[in-house]
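Trainee: I keep getting lost when I open a new model. Please give me a close look at its interior, in plain words.

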Amino acid sequence: MLFDFFPSRRLTIYLAKTFVVRILAVLAMLVVVLLMLDLLGKTGDILAFEGNGQPEVLQYASLRIPQLVARFLPYSVLLATIITLATLNQNSEVVAMKAAGLSAHQILAPLLLTATILAVISFAFNERVVTRANATLKAWEAVDYGNVPIDPAARSNVYLNDGNDVLLASTLTGKGEDFVMTGVTFYSRDDAGMIASQIRADRATYAAPGWRLENARSFNVSTARAQTIEGDLVVGEGVTLGQVELRRVDPNAEPLAELSRSIEALKSAGRRTSELEAKWWHKISGPLSTILMPLLGAVAGFGLARSGQLFARAVIGMALGFAYFVVDNAALAMGSFGGYPPLLAAWAPFFLFLFVGETVLVRTEE
């Protein structure tokens, strides 16, 4: 049974179906165009690794598509809102609905309901698909599109301190004492912080304490002499397993529950977590931005089409929608730098533009 807030069942289904078709069409267009542009710049890097070919290019595309869908779904909802309402207005369907006694909010109700369902789907899609695609693509890029690490929890570009010394690794796989680093570089620095020597190795394993380097090669800065080290070499004895666990967390590659555990671990170690907390809240507020788009783009659907202001209203709707994305990114950046509390950084743009969109709709149509 429909509430009084909605129009008739037939009209609700008609508006929702029209809206969904346009969302999918706009989203498909954006994803295809942006994916082609991305492949133009990345195909050379992928094929540069010996043995890579068309399957690897298609694999890269399969990992990029979820990212593009997640990022541009709100834009698609905004553009679909403007196209749908402008078309209805141009064909005098909005006039007919208002003449039948429907308010602007009732006309928008099917679109808002559709956007709410899309927000829930988007959240689940981000948690189950996009985070895994982000983690896999980041690990693959870390090895220059070589062999993708088997471990789905593989971490890339690991940076660890041992006093003045620094231990770097391209990838980190495993867990606990079974940690394995690849593409390892160890910098030994003097008391002044200057690099005294550099040691590179293909692989490193935990030596309890320290990290055992395999096939190590050293370079002494003062003598400018390079040599291959025979046997295994243990470095970084001050780098504990706890430090490795408290690596730099990638919030885009971790689901909500896992990111919560990472934040708690960093807090217990006395680390700053405001950036991660803002990203945690944004995992919820981000998908909800699709609900705002029908409200912000609604200005394009009302007013007399023959007055010549339809195009201007469409531009105003696009401006409101894109202004939201600008403010949202700016607030998230301020939250990352500590300028805003994490909760405010994630939610303030949403509620601000919710009030703006509602005010514009009420002042112009209700």
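Mentor: I will begin with the chain as a whole, then go to its core and some residues.

This is a predicted model: local features need pLDDT of at least 70, side-chain atom pairs count only at pLDDT 80 or more, and totals for chains, interfaces and linings use all residues. Numbering runs from 1 along each chain as its sequence is written, and side-chain values use heavy atoms, with hydrogens and water left out.

Take the overall build. The chain has 9 helices and 8 strands. These are DSSP runs numbered from the N terminus, with at least four residues for a helix (H or I) and at least two for a strand (E). The radius of gyration is 26 Å, well over the 21 Å that the globule rule gives for 366 residues, so the chain is more spread out than a compact globule. That radius is taken over C-alpha atoms, and the rule is 2.2 Å times the number of residues to the power 0.38. Along its principal axes, the C-alpha trace spans about 85 × 45 × 40 Å.

Now the inside. Of the 366 residues, 46% count as buried. Buried means under 20% relative accessible area, exposed means over 50%, and partly exposed is in between (1.4 Å probe, protein chains only). Contact means heavy atoms within 4.5 Å. Among contacts between residues at least 6 apart in sequence, 61% join residues at least 24 apart.

Next comes the core itself. A nonpolar core is a set of buried Ala, Val, Leu, Ile, Met, Phe, Trp, Tyr and Cys residues joined through side-chain atoms within 4.5 Å. The largest one here has 54 residues. Met97, Met293 and Tyr324 have the most contacts inside it. Seven helices each supply at least two of its residues: H1 (9-48), H2 (54-90), H3 (93-99), H4 (104-142), H7 (274-296), H8 (310-336) and H9 (342-365). H2 gives the largest share, 15 residues.

Look at Met293. Leaving aside neighbours within four places in sequence, Met293 is in contact with Pro74, Val77, Leu78, Thr81, Tyr324 and Phe325. There is also a second, separate core. This second core has 18 residues, including Leu160, Leu172, Val184 and Val235.

Asp165 is in contact with one of those residues, Leu160. Its other contacts, beyond four places in sequence, are Phe186, Tyr187, Ser188 and Arg189. Asp165 sits in strand E2 (residues 165-173). Its relative accessible area is 16%, so it counts as buried.

Go back to the helices and find H4. Asn126 is in this helix. Asn126 is buried, at 19% relative accessible area. It touches Ala70, Thr131 and Pro287, not counting residues up to four places away in sequence. Thr116 is in H4 too. Thr116 is partly exposed, with a relative accessible area of 34%. Its C-alpha atom is separated by 7.2 Å from that of Thr290, although the two are 174 residues apart along the chain.

H8 offers another residue to check. Ala314 is placed in this helix. Ala314 is buried, with a relative accessible area of 14%. Leaving aside neighbours within four places in sequence, Ala314 is in contact with Ile82 and Ala300. From Ala314 to Gly297 is 7.4 Å, C-alpha to C-alpha, and the pair are 17 residues apart in sequence.

Now look at the loops. Asn52 lies in the loop between H1 and H2. Asn52 is buried, at 15% relative accessible area. It touches Ile46, Leu47 and Tyr145, not counting residues up to four places away in sequence. Compare the pair Asn52 and His105: they are 53 residues apart in sequence and 54 Å apart in space, C-alpha to C-alpha.

Follow the contact from Asn52 to Tyr145. Tyr145 is in the loop between H4 and strand E1 (155-162). Its relative accessible area is 6%, so Tyr145 is buried. Tyr145 has a positive phi of about 60 degrees although it is not a glycine. Asn215 has a positive phi too, of about 55 degrees, and it is not a glycine either. Find Asn215 in the loop between strand E5 (211-214) and strand E6 (217-220).
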